[in-house]
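Biologist: Got a minute to go through this model with me? I'd like to start with the ligand and then ask about the cysteines.

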Amino acid sequence: MDEITIPRPDDWHLHLRDGAMLEGVLPFSARDFARAIIMPNLVPPVVTGADARAYRDRIMAALPEGLDFAPLMTLYLTEGTDPDDVARAHASGLVTAVKLYPAGATTNSHSGVRDLAKVMPVLEKMAAIGMPLCIHGEVTDPEVDIFDREARFIDTVLEPLRVRIPELKITLEHVTTSNGVDYVMTATDNLAASITTHHLMINRNAILAGGIKPHYYCLPVAKRESHRLALRKAATSGNPRFFLGTDSAPHVDPLKECACGCAGIFTAINTMACLAHVFEEENALDRLALFASRNGPAWYGMPVNDETMTLHRTTAPAAWPERIETGDGPVTVFDPMVPIHWEVV
Ligand code: NCD
Ligand code: ZN
């Protein structure tokens, strides 16, 4: 196959940031994706319906003329979140989901949840109105090895939560382990998972072998090869519970290339080309549309996009800038470390 046409894809997990960074990165996502779930971990976070409305307005104001893009807003769950505010924001169509960050799990997550008991009224309300919860699934206990944090979260937090509120619809975001894949596959109802582009392409060697490579550092951190293979299998299987959430998370280079670098990989520019490469390697190009365009909308109860995207095979390796310039500074683009012979037409 030298060319593939799929319904225009969506990104079910995206960091757009704000201000000059938003202006710098938004055009790349809006060029390829019709819709994206927008992460609320700004400083300060997007907590209330009013915050989400203001942020959505800033995104729409930053959208270049002629690009068609719908931001699907999320609220950052805090221990002070008001269940009625959440329900109103959802009923009005403004907000698609609520995001749970365990406090301290990742970039800008200090206002996250410490004690799940404190947010039960919000979660019960969400279950009652059918509003999905997006979860960053890692425990933050410093005693737990960072490579085990997702598996531990599933056993000690996610499973008990699902037993307590089985009606709550949960997206386990950016799943990175075979444990996560297995858990999602065997769950009966109300559970799905997004998978990033980079976790399909790199394992932890990318970060640590041959020198420390901060541009491959993200959270959840990439795991060993067997986990990457499990993710590839799940993503390319066509199973409706798995779909694309790029977790494209730009940080300016000085904040990545330093003694305590930020977590996050910027993949908005080359995600679709990289995915075509992965699906071709797995002999699953015919299932790319399920992963990138169909399974996500089915899970979130939305129509598949009418427009299409065509990718075609290139003779020379596809090229993109090594880094982009934003008003906040340079941002390095994800380097998949293998030649990619696909491009979006
Ligand atoms: C994200 C960010 O930079 O906001 N970083 C990351 O490594 N993915 C936060 C997140 O989604 O964990
Ligand atoms: Zn993220």
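Biologist: Which backbone N or O atom lies 2.8 Å from an oxygen atom of ligand 1?

Modeller: One belonging to Leu 219. Keep in mind that this is a predicted model.

Biologist: How much of ligand 1 does the protein bury?

Modeller: The protein buries 100% of the 310 Å² that ligand 1 exposes when taken alone.

Biologist: And where does ligand 1 sit?

Modeller: In the largest cavity.

Biologist: Which residues come nearest to ligand 1?

Modeller: There are 15 residues around ligand 1. Arg 17, Asn 41, Thr 106, Leu 219 and Asp 247 come nearest.

Biologist: What about side chains? How far is a polar side-chain atom of Asn 41 from an oxygen atom of ligand 1?

Modeller: The distance is 2.7 Å. Thr 107 also has a side-chain N or O atom 3.2 Å from an oxygen atom of ligand 1.

Biologist: How do the residues of the shell divide into nonpolar, polar and charged?

Modeller: Nine are polar, four are nonpolar and two are charged.

Biologist: Switching to cysteines. How many disulfides does the count come to?

Modeller: Zero. Take Cys 218: its nearest cysteine sulfur belongs to Cys 262, 13 Å away.

Biologist: Is Cys 218 buried or exposed?

Modeller: Cys 218 is buried, at a relative accessible area of 1%.

Biologist: Why is there no bond between Cys 262 and Cys 258?

Modeller: Because their sulfurs are 6.6 Å apart, which is too far for a bond. A disulfide needs the two sulfur atoms within 2.5 Å. For Cys 262, the sulfur of Cys 258 is the closest cysteine sulfur.

Biologist: What is the relative accessible area of Cys 262?

Modeller: It is 21%, so Cys 262 counts as partly exposed. Buried would mean under 20%.

Methods: Residues are numbered from 1 along each chain as its sequence is written. Chains are lettered from A and ligands numbered from 1 in the order in which they are written. This is a predicted model: local features need pLDDT of at least 70, side-chain atom pairs count only at pLDDT 80 or more; totals for chains, interfaces and linings use all residues. Side-chain values use heavy atoms; hydrogens and water are left out. A residue is near a molecule or strand if one of its heavy atoms lies within 4 Å of it. A polar contact is a pair of N or O atoms within 3.5 Å; within protein, one must be able to donate a hydrogen and the other to accept it, and residues adjacent in sequence count only if both atoms are side-chain atoms. Accessible areas come from the Shrake-Rupley method with a 1.4 Å probe; for residues, only the protein chains shown count as cover. On a 1 Å grid over the protein atoms alone, a cavity is a set of points where a 1.4 Å probe fits but cannot get out, and a pocket is an open set with protein on both sides within 12 Å along at least five of seven lines; lining residues have an atom within 4 Å of a point. A molecule sits in a cavity or pocket if more than half of its atoms lie within 2 Å of its grid points. Ala, Val, Leu, Ile, Met, Phe, Trp, Tyr, Cys and Pro count as nonpolar, Asp, Glu, Lys and Arg as charged, and the others, Gly among them, as polar. Buried means under 20% relative accessible area, exposed over 50%, partly exposed in between (1.4 Å probe, protein chains only).
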